[in-house]
Amino acid sequence: MANLIDKAITHKLSRRSFLGLSAGAVATIALPGCGLQKVDADTAAQLSQGEGKWISAACWHNCGGRCLNKAYVVDGVVLKQKTDDTHPDSPDFPQQRACWRGHSQRQQCQGADRLKYPMKRKNWEPGGGKKELRGKDEWVRISWDEALDLVATELKRIKENYGNESIMGQVNQGMERTLALYGGYVSTWGSTSWGTWVDVGPAVMGPYGDSYSNTGNDRLTLRKSKLIIMWGANPAWSSGGNPTYNFLQAKKAGAKFIFVDPLYSDTARILADEWIPIRPSTDAAMLLGMAYVMIKEDSAANPLIDWDFLNKCTVGFDADHMPEGADPKENFKDYVLGTSDGQPKTPEWASEICGVAPEKIRELAIEYATTKPTAVICGGASSRTHRAEQTAQAFITLACMTGNIGIPGAGTGLSCHNRAGNAGPSLVKAGGSGVAAIKNPVSIKINQNEIWSSVLTGKYTAKKDDIQDVDIRCIYYDAVSLLNQKMGATKGIEAHRTKLEFVVTQAFSFNTQAKFSDIVLPITTQWEKYGGFLTGNREILIWYSQVIQPMFESKDDIWVAAEIGKRLGLDPEKIAPLDLKQQVFNQLAGATVAKEDGSGFEKLVMITDADIAEMGVKGKAQTGRIAVKEFREKGIYQVPRTPGDKLGFTELENYRNDPEKYARETPSKKVEIHCQTLADKITNYGWTVKSPIAQYDKPEEGYEDTFKDWKGKVKGEFPFQMYTIHYRRRSHSIFDNLPWLREAFPQEFMMNAKDGAELGLKDGDIVKITSRHGVVVRPVYLTERMMPGVTTLGEGAWIEMDEETGICTSGTVNILEGGIPTGQGHMGANSCNVKVEKWDKPLLPDYKWPQRIIF
Ligand SMILES: Nc1nc2c(c(=O)[nH]1)N[C@H]1C(S)=C(S)[C@@H](COP(=O)(O)OP(=O)(O)OC[C@H]3O[C@@H](n4cnc5c(=O)[nH]c(N)nc54)[C@H](O)[C@@H]3O)O[C@H]1N2
Ligand SMILES: Nc1nc2c(c(=O)[nH]1)N[C@H]1C(S)=C(S)[C@@H](COP(=O)(O)OP(=O)(O)OC[C@H]3O[C@@H](n4cnc5c(=O)[nH]c(N)nc54)[C@H](O)[C@@H]3O)O[C@H]1N2
Ligand code: SF4
Ligand SMILES: [Mo]
């Protein structure tokens with residue numbers, strides 16, 4: 001190692017060296033334990049001749065995929081990466097191949113911008129100091145002892161003065177245990193990823209699946225679909241790994257693909273037979289227009305409605321099938337026909353809202369109703385809009401009407417994230433780690449849309465007609481990017497700069513929460529820890545191992561939690577009761593895999609006494625399918641699958657075939673098209689009221705709000721709709737700092753080419769985007785792939801405020817978003833209105849920006 005460092009230091013800089021230090025990235029990598037070094041092509045080439053080893057390396061982020069990554073390590077340095085080559089690739093037994101983010105992981109873990117030392121904000125002092133300088137102050141390097149003492153002393157002071165109810169914890173890596181043992185912390189709640197499906201699915205259908213992102217069919221059964229409607233789903237970007245490939249197999253097996261999406265996405269480019277552009281936040285209107293066609297045009301000669309399924313398996317569709325106690329006038333059919341409210345939900349009515357031509361609405365309705373089996377695959381996007389309980393419930397209602405439920409190749413619901421297109425219970429899973437959670441004694445939970453207003457005003461909504469006081473003085477962050485990732489960040493910055501007395505972050509790079517903190521503690525990445533397990537689609541279990549030594553002075557999150565605990569007078573054994581090695585062993589020993597005949601589970605791993613001795617853990621030998629050594633080296637166990645095997649899955653198949661025996665856990669024991677449970681639940685949250693059936697409610701900051709006068713069609717101050725897409729460059733805010741990825745995927749604002757031309761814009765111009773809540777600037781990408789009137793910006797860019805103008809130059813979407821609670825307090829990120837103007841100042845591409853290197 002010493003030799004390597006000497007060599008590295010004496011060499012000159014070169015762009016694009018062997019290590020792939022690409023344009024914009026300073027030609028610098030961090031070498032574990034050795035500080036920053038400059039490595040050029042010669043040194044790298046020399047390094048590469050050394051004896052190396054491939055190690056299964058974690059790709060652990062919440063990226064919507066899960067793949068096998070391997071790192072080639074020479075002398076403690078990762079020189080290159082590869083992905084799954086553990087078996088030959090085939091459509092039935094595909095490799096679990098990594099994406100560009102995974103392949104760039106080494107620029108994150110060994111990046112020049114890794115945090116190196118504990119540090120404190122120059123103008124912070126107990127009580128907050130100059131709070132207004134948060135996010136722009138200078139930093140002072142301090143020792144670990146000083147840092148840990150400061151954190152403990154300040155937590156004590158805040159607890160003694162204001163109580164535990166003044167400490168907000170955004171923690172899940174160890175400090176949740178310390179804070180819970182220390183009397184607790186205020187936490188936050190609200191569905192983010194799965195939008196409104198979280199409350200709607202279980203209420204309407206009865207609890208189902210083992211995850212909300214997990215409905216429909218497994219990937220092999222999906223090949224039976226005749227028609228697949230991808231409704232606001234873009235797996236090519238937002239479900240890394242195999243989902244798009246799996247969908248391609250369904251296409252090759254004969255499925256037609258229709259996309260309903262404001263964007264002609266990369267997934268559509270691969271799969272679409274047809275693209276139907278739709279305005280965001282208006283899907284419920286479109287679905288109601290389709291329901292109208294089905295109801296009006298259904299006949300014995302031309303059946304569009306599966307009356308048998310509706311009669312046997314549902315309640316609430318029409319006045320004759322209402323659940324007990326419900327007003328017959330509240331049925332779905334009469335609402336759609338306009339009998340109950342005077343407004344028939346005709347395709348023409350829907351078209352005015354959703355922007356899809358009436359004839360197209362009619363055509364899709366008929367195609368959906370007459371093609372069996374049809375699967376409707378939803379991403380979370382259409383339900384991450386305001387009032388979207390109606391949308392999720394409308395999807396279920398239409399699947400019931402067309403009878404596309406419980407049949408192999410049919411289905412509806414969420415099918416996104418790392419289980420996209422491959423529903424069903426996990427076929428392989430790790431055992432428990434042996435560490436039990438500690439209950440947080442503080443019961444206050446603040447809805448995600450009210451976090452910043454609650455800090456600023458001292459009030460939050462506990463439930464309907466129940467507004468409570470809260471006095472947040474401190475936020476403790478580890479692996480949660482609250483300020484960057486929750487809506488209303490403009491207010492979030494204000495909260496940090498005016499109210500909070502103490503902000504701490506544990507992080508491996510200088511992310512947004514670190515930037516706005518008072519004390520920052522450098523943390524190891526998963527590459528620097530003993531190892532662990534990751535699950536992804538239902539067929540895989542990944543076992544990753546330590547790749548490099550801890551960088552600089554970084555420490556493990558759980559070590560930090562225990563050290564702070566000690567200083568607070570707590571028992572560190574309770575905080576960290578088992579070392580990671582023993583936890584990994586417990587997970588290994590408890591791992592199970594589905595038996596081939598589908599009859600249950602068996603042990604996955606064969607463990608010998610020699611393995612136990614070598615790992616240095618306590619445990620018992622056992623038999624299993626794969627030996628420890630082979631599992632560790634491969635880094636993955638993948639369940640073999642073949643079409644027609646016993647491990648397939650179709651949601652609600654049992655119920656459809658025998659509704660009595662497999663009665664749903666709803667009051668009526670059926671699927672509830674009229675669902676009072678849901679209506680009551682939503683009303684009780686305290687923000688908006690929901691009808692028991694799927695209706696259309698105008699969303700806050702939806703299409704209608706782009707008009708000053710909706711009836712007279714006079715455009716308003718914010719004439720465009722904007723939604724926030726999950727973007728290729730990042731996993732939320734993670735990876736946003738990597739120059740490689742910045743260069744490959746610019747953070748650009750997408751809008752329709754004609755809209756751009758009308759504003760006098762050229763592709764690549766810098767535009768200023770203003771909403772009711774904030775302002776950002778970004779280059780514009782003008783394209784026919786985006787529906788007119790609609791725009792989008794990728795979520796997750798790190799907040800970068802130009803302090804003079806108050807404009808965010810990185811294009812963080814949550815600066816533009818308000819955080820308006822509706823329905824179940826879910827995230828309504830795809831309902832927002834903006835104005836777009838040409839910006840006449842220059843803006844360098846962000847891969848050319850200086851990296852955030854503090855020391
Ligand atoms: N690269 C990357 N992938 C990710 C993530 C990431 O940060 N980066 N995050 C992961 C996580 S945690 C999650 S929860 C998932 C989210 O996964 P999704 O919710 O499926 O992903 P989105 O990109 O938000 O949107 C999917 C598609 O919906 C469209 N869309 C947006 N709004 C609407 C609407 O109102 N109606 C209709 N019909 N279509 C709409 C978009 O144009 C896009 O094509 O992604 C996961 N995957
Ligand atoms: N406007 C808008 N906002 C959105 C979305 C949207 O579509 N639009 N999507 C939403 C969705 S679906 C989701 S799931 C959320 C995600 O929201 P978050 O989970 O808050 O986002 P991440 O960026 O994944 O934040 C994780 C943070 O943890 C840090 N981290 C990672 N590993 C470790 C570790 O081991 N130790 C420590 N100490 N830190 C670690 C990372 O550096 C990062 O700062 O964002 C939501 N925000
Ligand atoms: S999809 Fe996710 S897990 Fe797979 S390589 Fe990309 S970032 Fe890593
Ligand atoms: Mo998510």
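**Exercise 1. The surroundings of ligand 1**

Task: State how many residues surround ligand 1 and which of them are closest.

Solution. In this predicted model, ligand 1 is surrounded by 37 residues, and the closest are Ser238, Asp261, Arg384, Arg730 and His732.

Step 1 sorts the shell by class. The shell around ligand 1 consists of 14 nonpolar, 16 polar and 7 charged residues.

Step 2 assigns residues to elements. Helix 8 (235–238) and strand 33 each contribute at least two residues to the shell around ligand 1. Strand 33 gives the most, with 3 residues.

Step 3 turns to individual contacts. An oxygen atom of ligand 1 lies 2.7 Å from a polar side-chain atom of tyrosine 723. For histidine 726, an N or O atom of the side chain is 2.8 Å from an oxygen atom of ligand 1. Glycine 380 takes part through its backbone: one of its backbone N or O atoms is 3.0 Å from an oxygen atom of ligand 1.

Step 4 considers the cover. Ligand 1 exposes 910 Å² when taken alone, and the protein buries 99% of that area.

**Exercise 2. The surroundings of ligand 2**

Task: Determine which residues come nearest to ligand 2 and how the shell around ligand 2 divides by class.

Solution. Step 1 identifies the neighbours. There are 28 residues around ligand 2, of which Gln485, Asp557, Thr724, Ser733 and Asn814 come nearest.

Step 2 gives the classes. The shell around ligand 2 has 9 nonpolar, 14 polar and 5 charged residues.

Step 3 lists contacts to nitrogen atoms of the ligand. A polar side-chain atom of asparagine 814 is 2.7 Å from a nitrogen atom of ligand 2. For aspartate 557, a polar side-chain atom is found 2.8 Å from a nitrogen atom of ligand 2. Glutamine 506 offers a polar backbone atom, 2.9 Å from a nitrogen atom of ligand 2.

Step 4 considers the cover. On its own, ligand 2 has 920 Å² of accessible area, and the protein covers 92% of it.

Step 5 names the elements. Strand 33 and helix 30 (813–816) are the elements that give two or more residues to the shell around ligand 2.

**Exercise 3. A salt bridge between distant parts of the chain**

Task: Decide whether aspartate 266 and arginine 728 are buried or exposed, and locate both residues in the chain.

Solution. Step 1 establishes the pair. Aspartate 266 and arginine 728 form a salt bridge, with the closest N and O atoms 3.8 Å apart.

Step 2 locates the partners. Aspartate 266 belongs to helix 10 (residues 266–271), whereas arginine 728 sits in the loop between strand 33 (720–726) and helix 28 (739–744). The two residues are 462 residues apart, and the pair links distant parts of the chain.

Step 3 applies the cut-off. A residue is called buried because its relative accessible area is under 20%. Aspartate 266 has a relative accessible area of 18% and is buried. Arginine 728 also has a value of 18% and is buried.

**Exercise 4. Two further salt bridges**

Task: Classify the partners in the pairs aspartate 341 with lysine 345 and glutamate 800 with arginine 852 by their accessibility.

Solution. Step 1 takes the first pair. The side chains of aspartate 341 and lysine 345 meet at 3.0 Å, N to O. Aspartate 341 is partly exposed at 41% relative accessible area, while lysine 345 is buried at 1%.

Step 2 takes the second pair. In the salt bridge of glutamate 800 and arginine 852, the closest N and O atoms are 3.0 Å apart. Glutamate 800 lies in the loop between strand 37 (790–795) and strand 38 (801–802), and arginine 852 in the segment after strand 40 (833–838), so the pair ties together parts 52 residues apart in sequence.

Step 3 classifies the second pair. Glutamate 800 is partly exposed, with 22% relative accessible area, and arginine 852 counts as buried at 15%.

Step 4 sets these pairs in context. The structure holds 60 salt bridges. A network of salt bridges links Glu154, Arg157, Asp471, Arg473, Lys499 and Glu501.

**Exercise 5. An exposed lysine**

Task: Describe the position of lysine 661 and state whether lysine 661 is buried or exposed.

Solution. Step 1 locates the residue. Lysine 661 is in the loop between helix 26 (653–657) and strand 30 (671–672).

Step 2 classifies the residue. With a relative accessible area of 60%, lysine 661 is exposed.

Step 3 adds a distance. The C-alpha atoms of lysine 661 and serine 166 are separated by 50 Å, and the two residues are 495 residues apart along the chain.

How values were computed:
Residues are numbered from 1 along each chain as its sequence is written. Chains are lettered from A and ligands numbered from 1 in the order in which they are written. This is a predicted model: local features need pLDDT of at least 70, side-chain atom pairs count only at pLDDT 80 or more; totals for chains, interfaces and linings use all residues. Side-chain values use heavy atoms; hydrogens and water are left out. A salt bridge is a side-chain nitrogen of Lys or Arg within 4 Å of a carboxyl oxygen of Asp or Glu. Helices (H or I, at least four residues) and strands (E, at least two) are DSSP runs, numbered from the N terminus. Buried means under 20% relative accessible area, exposed over 50%, partly exposed in between (1.4 Å probe, protein chains only). A residue is near a molecule or strand if one of its heavy atoms lies within 4 Å of it. A polar contact is a pair of N or O atoms within 3.5 Å; within protein, one must be able to donate a hydrogen and the other to accept it, and residues adjacent in sequence count only if both atoms are side-chain atoms. Accessible areas come from the Shrake-Rupley method with a 1.4 Å probe; for residues, only the protein chains shown count as cover. Ala, Val, Leu, Ile, Met, Phe, Trp, Tyr, Cys and Pro count as nonpolar, Asp, Glu, Lys and Arg as charged, and the others, Gly among them, as polar.
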